[in-house]
Amino acid sequence: MSMKHLRTLPENSVGWAYASWLDKEGVNPDTRDQVKYIDDEECAYVMQRYRECHDFYHAITGLPVMVEGEIALKAFEFANTLLPMTGLSLFAVARLKPAERSRFWHVYLPWALTNGLRSKDIINVYWEEQLERNVDDLRLDLGIEKPPDLRETRKALREQRKATEEKRKRVGRPRSL
């Protein structure tokens, strides 16, 4: 799959969304390690294909590669595929900061469960055949709504905290604990 070609596709295409997401997140398809510890060739292929498709899941949902985004995507994958490893990934919620954990429980987990359970099986999508398709049409056909933009949410919260801190400094109040 030529990343150069994907970047030339219309901005509303699956291929462009995929390439754009990879660029934004600073990752590429070649960064995935080969599957190890699976002796059966067919099972190893299925696991490798699953791992390759994971970035397409990111691209159509818009979830970033930061821990909070990965956990939200794994929750979506678990609800959709029932693969045990995706469910086990949810224990990583314990790594989140309190505000992130709260956001996960109240925003991203409900989104993941609702969309994962109602959407078609994403593991069956042959992504290479969808590259020129309108990404919004694909989401609609699959039954997937985009979650709130996690990067924008975090940015807005940082700006809000910064504004609050600057206001405190202007009025001479000490920072509250």
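## Asn-80 and its surroundings

Asn-80 has its place in helix α4. The model is a predicted one, and in it Asn-80 is buried, with a relative accessible area of 8%. The side chain of this residue reaches the backbone oxygen of Lys-120 at a distance of 2.9 Å. Leaving aside residues up to four places away in sequence, Asn-80 touches Gly-116, Ser-119, Lys-120, Asp-121, Ile-122 and Ile-123. Lys-120 thus appears both as the partner of the side chain of Asn-80 and among the residues that Asn-80 touches.

## Helix α4

Helix α4 comprises 15 residues and reaches 20 Å from its first C-alpha to its last, close to the 21 Å expected at 1.5 Å a residue. Because 12 of its 15 residues are buried, α4 is largely enclosed by the rest of the structure. The buried set consists of Glu-68, Gly-69, Ile-71, Ala-72, Leu-73, Lys-74, Ala-75, Phe-76, Glu-77, Ala-79, Asn-80 and Thr-81. Charged residues are included in that set, among them Glu-68, Lys-74 and Glu-77.

The cover over the buried residues of α4 includes α3, α5 (84-88), α6 and α8. Following α4 comes Leu-82, whose phi is positive, near 60 degrees.

## Nonpolar core

In soluble globular proteins, nonpolar side chains tend to be buried together. Here the largest nonpolar core holds 38 residues, of which Leu-6, Tyr-18, Tyr-57, Phe-76, Phe-104, Trp-127 and Leu-142 touch the most other members. Two or more residues of this core come from each of α1 (3-6), α2 (14-25), α3 (41-61), α4 (67-81), α6 (98-118) and α7.

Leu-6 illustrates these contacts: beyond residues up to four places away in sequence, Leu-6 touches Met-1, Gly-15, Trp-16, Tyr-18, Ala-19 and Leu-131. Tyr-18 is one of the residues touched by Leu-6, and both are listed with the core residues that touch the most other members. Phe-76, another residue in that list, is one of the buried residues of α4.

## Salt bridges

Side chains of opposite charge can pair when their charged atoms come close. A search of the whole structure yields 11 salt bridges. One of them joins Glu-68 to Arg-154, with the closest N and O atoms 2.7 Å apart. Since Glu-68 lies in helix α4 and Arg-154 in helix α8, the pair ties together parts that are 86 residues apart in sequence. Glu-68 is buried, with a relative accessible area of 3%, whereas Arg-154 counts as partly exposed at 22% relative accessibility.

A salt bridge also brings together the side chains of Asp-141 and Arg-133, at 1.8 Å from N to O. Asp-141 is partly exposed, with a relative accessible area of 38%, and Arg-133 is likewise partly exposed, at 27%. A further salt bridge forms between Arg-168 and Glu-165, whose closest N and O atoms are 3.6 Å apart. As these two residues are 3 places apart in helix α8, about one helical turn separates them. Both are partly exposed: Arg-168 has a relative accessible area of 25%, and Glu-165 one of 23%. Elsewhere, salt bridges that share partners join Glu-68, Glu-100, Arg-103 and Arg-154 into one network.

## Helix α8

The 22 residues of α8 should span 32 Å at 1.5 Å a residue, and its end C-alpha atoms are indeed 32 Å apart. The N-terminal end of α8 is capped by Asp-149, a side-chain oxygen of which lies 3.0 Å from the backbone nitrogen of Arg-151. Just after α8, Gly-172 adopts a positive phi of about 75 degrees.

Glu-159 belongs to α8. With a relative accessible area of 47%, Glu-159 is partly exposed. Glu-159 and Leu-109 are separated by 50 residues in sequence and by 25 Å in space, from C-alpha to C-alpha.

## Model confidence

The protein chain has a mean pLDDT of 91, and 97% of its residues reach 70 or more. Among the elements of the chain, helix α7 (residues 135-142) has the highest mean pLDDT, 97, and helix α8 (residues 150-171) the lowest, 87.

Technical notes. Residues numbered from 1 in each chain as written. Predicted model: local features only at pLDDT ≥ 70, side-chain atom pairs only at ≥ 80, totals over all residues. Heavy atoms only, no water. pLDDT = per-residue confidence, 0-100. Helix = DSSP H or I, 4+ residues; strand = E, 2+ residues; numbered from the N terminus. Buried < 20%, exposed > 50% of the residue type's maximum accessible area, 1.4 Å probe, protein only. Expected span 1.5 Å × (residues − 1). Polar contact = N/O pair within 3.5 Å; in protein donor to acceptor, adjacent residues only side chain to side chain. Core = buried A, V, L, I, M, F, W, Y, C linked by side-chain atoms within 4.5 Å. Contact = heavy atoms within 4.5 Å. Salt bridge = Lys/Arg side-chain N within 4 Å of Asp/Glu carboxyl O.
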